[in-house]
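Here is a friendly walk through one protein chain, with an eye on how its helices pack. Keep the viewer open as you read.

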Amino acid sequence: MTAPFKIICLFLLLTFFSCRKNEFADSNGKTTISFDDTYLKGEEKEKYLDSIFELLKIQKNDSLTRSLHFKLSTEYYYNKNEKKSLAASLEALRLSIEVDDKEGIAKAFYYIGDSYGNVKKDSAYFYYLQAEKVYYKLSDYDNTARMLFNKACVLFYDGNYIECEVEISKALQHLKESKDQRLLYCCNALMGNCLEKLVNYDKALWYHQMALNNLEKMKLNHIDKDEVNNYNVTATINICNLYDLKGEYLKSIAKLEGLLTKDLEKKWPRLYANVLSNLAYSKMKIGEYENVHEMFTKSLEILKNKGDESDILYKKIHIGEYFLTQKDTTKAIEVLKEANVLATRIKNSNEVLTSLKLLSTLDKENSLYYANEYINLSDSINIVQKNAHNKYARIEYETSRIEDENKILTKKNFYILIISFALVLLLLIIVILRYSKYKNKELQFLKNQKSANEEIYLLLMEQHEKINNARDNEKSKIAKELHDGVMNRIYGVRMNLGFFNAKVEQEIIDKRKAYIFELQNIENEIRTISHDLSNSSFLDGNDFNILLLSLVESQKDISNTQFTYTTDESFEWSTIQNIYKINLYRIIQEAILNVNKYADATKCEIRIQYQGSGFLKMSITDNGQGFDTKTKKEGIGLNNMKERTSSLKGQFTIESEIGEGTKIEVTFKVRELT
């Protein structure tokens, strides 16, 4: 079977048992979705969906594949598997981003938000917000409003009624020209519920009446009669709740009694239970207690099977109040404690307050505890509400609605607009001219500064060249004197002593050998100094590590000691001033000479370590014969090393014992080139 044919079959199979998705608001204004599963159910349906999901992974990324992922997400969602619904939505998002399908991206964000809605409200809110932004860029204002409505639902069920009001106000602004009466009904109903929580009962009634007006328009559009009846029952319950809060219980009873029908109980048991409970509550408030307890009990039993925890919470609080009216304090406390636990678990702060307030008056033993809990929670809610800053969004919406209805644009406003534009343009021209003048001055200043810098640079270069020439001449002169004068004379002495060594007296021979060896050492030292002086700036252009390594390697042919050199490879010698490198080189050179002459060592390790904060540590360790540092008089070599260390403002230490070798350490802080 070819891939295109496979995907067409998948589409037909999904359509075969796919459900019609209708959106409506429940009694609390939250969007719910119902659909009719005719063929596959439960685990059997899920296995079938899983197989389709696997087949879709090998299909080409086109509009049909993405559409099938959205269908899968919907089917998983209504099969009560939010996790797999989320996975399908995320895959749809990935595919949509891959081909830059803006509508698909927005829809995927929407579906992801729905998948998170019941488990992670903060994540749901985040994805609804992302969908809102994309829909707004696409100028799809109906779906923009739908996402604002979904965000408002999250806020409403989280107890943040002020921000909920703001989001619904924004949604209604986008829906001013909309013909989507279902969405308008949902937004108006939720706004009414939100204002009810904010104790603005009259305005809440106004919005619920707007919702009923939307229902009348839905009837004209020939929308399903049962669906409209469902909406009508929900709106009536909301209005009766407001009547109860205003103390108009008789109005509430009259409307609710007209809703209690067998048809409602059969088709929508949850709505029936809410109507029955609200009617019992209204009758209780006016003192008609006949059958009230039975009505509450029946309502609660229905909701335990068909409702959600929020509905059950409200009914428990009402039953607690009923027992209170019947002077049955024990049962009242028992039911209200259950309500308090449930309200705390589902984070319904208003009902937590209600249960705490009732318990503080009933439970005398724990009255103080409940009162303190009530005060603490109430204070925290007040702080949150005071921090909200967008509470005027609804007023902005209502003002814009009036302005749109009037559609008046006076000449005065038009002239103000033109004059304002001219003033802004004039101000902009002035700013541009001033900025241009400033930039010209800045460029002239930079030009003058550059000319001055070039002149200074030339003067410095000229001076530097004179200094270098004088230094080179002096070095050459000293080198010539050492090589041609002192070296030749010492060499002549050594040759004569070698000649006299032919005498056979043993004592004379030994002494002359010692003199010859000493003269040879002096000759080597002077030759080294002469060589270094004649090579001007021997560090310039050379890698210092290579120079040190060459110095160590050169000992292989003239010494029985095995010299090793290690250092931190990451240390950048090129950034260090030459004065430090020259002195360090001379110290190492002097130490190597001492090892060769006196130590009689087989091994000598030279190590340079960078200790951080600009400090450098050099150590020279040999396993030679050593000496007693307390009795041994320091020679010229050690003194030279100390003086060089002192010139670098460093520390010089020497550790040695007879037969244990010698260790020299030099530590100083280096300054980098600037």
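Helices and strands here are DSSP runs, with at least four residues for a helix and at least two for a strand, numbered from the N terminus. On that basis, the protein chain of this predicted model comes to 25 helices and seven strands. Of its 674 residues, 42% are buried. Among contacts with a separation of 6 or more, 63% join residues 24 or more positions apart.

## Three helix pairs

The table collects the geometry of three packed pairs.

| Helix pair | Axis separation | Crossing angle |
|---|---|---|
| H5 (residues 102–116) and H6 (residues 121–137) | 8 Å | about 160° |
| H9 (residues 181–197) and H10 (residues 201–220) | within 8 Å | roughly 165° |
| H10 and H11 (residues 225–245) | within 10 Å | roughly 165° |

Let's start with H5 and H6, whose axes pack at about 160°. Angles over 145 degrees count as roughly antiparallel, so H5 is roughly antiparallel to H6. Their crossing is left-handed. On the H5 side the contact includes Ile105, Phe109, Ile112 and Tyr116, while H6 contributes residues including Ala124, Tyr127, Ala131 and Val134. By class, the residues of this contact divide into twelve nonpolar, three polar and four charged.

Next come H9 and H10, with axes that cross at roughly 165°. That angle makes H9 roughly antiparallel to H10. H9 passes H10 in a left-handed crossing. Among the H9 residues that meet H10 are Leu184, Tyr185, Asn188, Met191 and Leu195, and their partners in H10 include Tyr207, Met210, Ala211, Asn214 and Met218. The contact of H9 with H10 has twelve nonpolar, six polar and four charged residues.

H10 also packs with H11, their axes crossing at roughly 165°. These two helices are therefore roughly antiparallel to each other. The crossing of H10 and H11 is left-handed. From H10, residues including Leu205, His208, Leu212 and Leu215 meet H11 residues such as Val228, Tyr231, Ala235, Ile239 and Leu242. Here the count is 13 nonpolar, three polar and two charged residues.

## A closer look at asparagine 188

Is asparagine 188, a residue of the H9 contact with H10, buried or exposed? Its place is in helix H9, and its relative accessibility is 3%. Buried means under 20% relative accessible area, so asparagine 188 counts as buried.

Which residues does asparagine 188 touch, leaving aside those up to four places away in sequence? They are Leu172, Tyr207, Met210, Ala211 and Asn214. Serine 169 lies 19 residues from asparagine 188 along the chain, and the C-alpha atoms of the two are separated by 9.4 Å.

## A length check on H24

Helix H24 (residues 578–599) offers a simple test of helix geometry. Its 22 residues should span 32 Å at 1.5 Å a residue, and the C-alpha atoms at its ends are 30 Å apart, so the two values agree. Just after H24, aspartate 600 takes a positive phi of about 55°.

Key. Residues numbered from 1 in each chain as written. Predicted model: local features only at pLDDT ≥ 70, side-chain atom pairs only at ≥ 80, totals over all residues. Heavy atoms only, no water. Axes fitted to C-alpha atoms, helices over the stretch in contact; angles between N-to-C directions. Parallel < 35°, antiparallel > 145°, perpendicular 65-115°, else oblique. Left-handed = near helix turned anticlockwise from the far one by under 90°. Contact = heavy atoms within 4.5 Å. Nonpolar A, V, L, I, M, F, W, Y, C, P; charged D, E, K, R; others polar. Expected span 1.5 Å × (residues − 1). Buried < 20%, exposed > 50% of the residue type's maximum accessible area, 1.4 Å probe, protein only.
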